[in-house]
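Grab a pencil and work through these short exercises with the structure open beside you. Try each task before you read its solution.

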Amino acid sequence: MSKSNIVIIGFMGTGKTMVAKRTAEILNMNFIDTDSLLEKYEEMTVAEIFAKLGEKYFRQRENDIAKEVANKKNMVIATGGGIVLNPDNMKSLSSTGIIIWLKAPIELIYKRIGSDENRPLAYERDFFELEEMYRKRYPLYEQYSDFYIDVSGKSIEEVSKEIEAYYKNIAF
Ligand code: S3P
């Protein structure tokens, strides 16, 4: 199967969902978000899944969803920030998609998500705790991505246009 998908990875608060949505419009592709799909299947928000069923359950379902969306074509896929924690997710997603990392400094991320109660892994974590998580994940985003964009100071439109330019220039 050739790589007809674009997979957006990156830490919480880097704009993955908005950018994936806009990129899909620009490239006339379909948009899907792994967290939203999971919320739809479970009929619960991500925060509720974490609270009621736990992170382990969430990660198992996230793995099912990674496989499911990797089987689709012409998709721009927004992922949850922890998708890179399971190598099997990345194996599936990279078999059919190019992986783009939205990169932002932790200071900016903390400002955006520090007190977001819809993000169970960020809510009530102080700056240093979040920074520690960021430091652990950073090499994973680096390892799995084909391309990265530093999103600091850029609009959704600008980031999406950069993805368009990259996508149109690569040969499959
Ligand atoms: C998570 C990020 C969230 C969501 C869940 C876990 C993580 O997605 O999947 O709360 O482990 O980083 P966003 O990156 O869209 O916030």
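**Exercise 1.** Find out how far a polar side-chain atom of Lys16 lies from an oxygen atom of the ligand, and decide whether the pair counts as a polar contact.

*Solution.* Keep in mind that you're looking at a predicted model. Step one: the distance from the polar side-chain atom of Lys16 to the ligand oxygen comes out at 2.7 Å. Step two: a polar contact is a pair of N or O atoms within 3.5 Å, so this pair makes the cut. Step three: try two other residues. Arg119 also puts a polar side-chain atom 2.7 Å from a ligand oxygen, while Gly81 uses a polar backbone atom, 2.8 Å from an oxygen of the ligand. Taken on its own, the ligand has 380 Å² of accessible area, and the protein covers 94% of that.

**Exercise 2.** Describe the shell of residues around the ligand.

*Solution.* Start with the count: 14 residues surround the ligand, and Lys16, Arg59, Gly81, Arg119 and Arg137 come nearest. Next, sort the shell by class: you get six nonpolar, three polar and five charged residues. Then ask where they sit in the chain: helix H3 (residues 46–70) gives the largest share, four residues. Last, look at the space itself: the ligand takes up the largest pocket.

**Exercise 3.** Work out how compact the chain is for its length.

*Solution.* First, list the elements: seven helices and five strands. Now compare two values: the radius of gyration is 15 Å, close to the 16 Å from the globule rule for 172 residues, so the chain is as compact as a globular protein of that length. Finally, its C-alpha trace spans about 45 × 35 × 25 Å along the principal axes.

Note on methods. Residues numbered from 1 in each chain as written. Predicted model: local features only at pLDDT ≥ 70, side-chain atom pairs only at ≥ 80, totals over all residues. Heavy atoms only, no water. Near = heavy atom within 4 Å. Polar contact = N/O pair within 3.5 Å; in protein donor to acceptor, adjacent residues only side chain to side chain. Areas by Shrake-Rupley, 256 points an atom, 1.4 Å probe, with all protein chains shown as cover. 1 Å grid on protein atoms, 1.4 Å probe; cavity = no way out; pocket = protein on both sides within 12 Å on 5 of 7 lines; lining within 4 Å. Sits in = over half its atoms within 2 Å of the grid points. Helix = DSSP H or I, 4+ residues; strand = E, 2+ residues; numbered from the N terminus. Nonpolar A, V, L, I, M, F, W, Y, C, P; charged D, E, K, R; others polar. Rg over C-alpha atoms; globule rule 2.2 N^0.38 Å.
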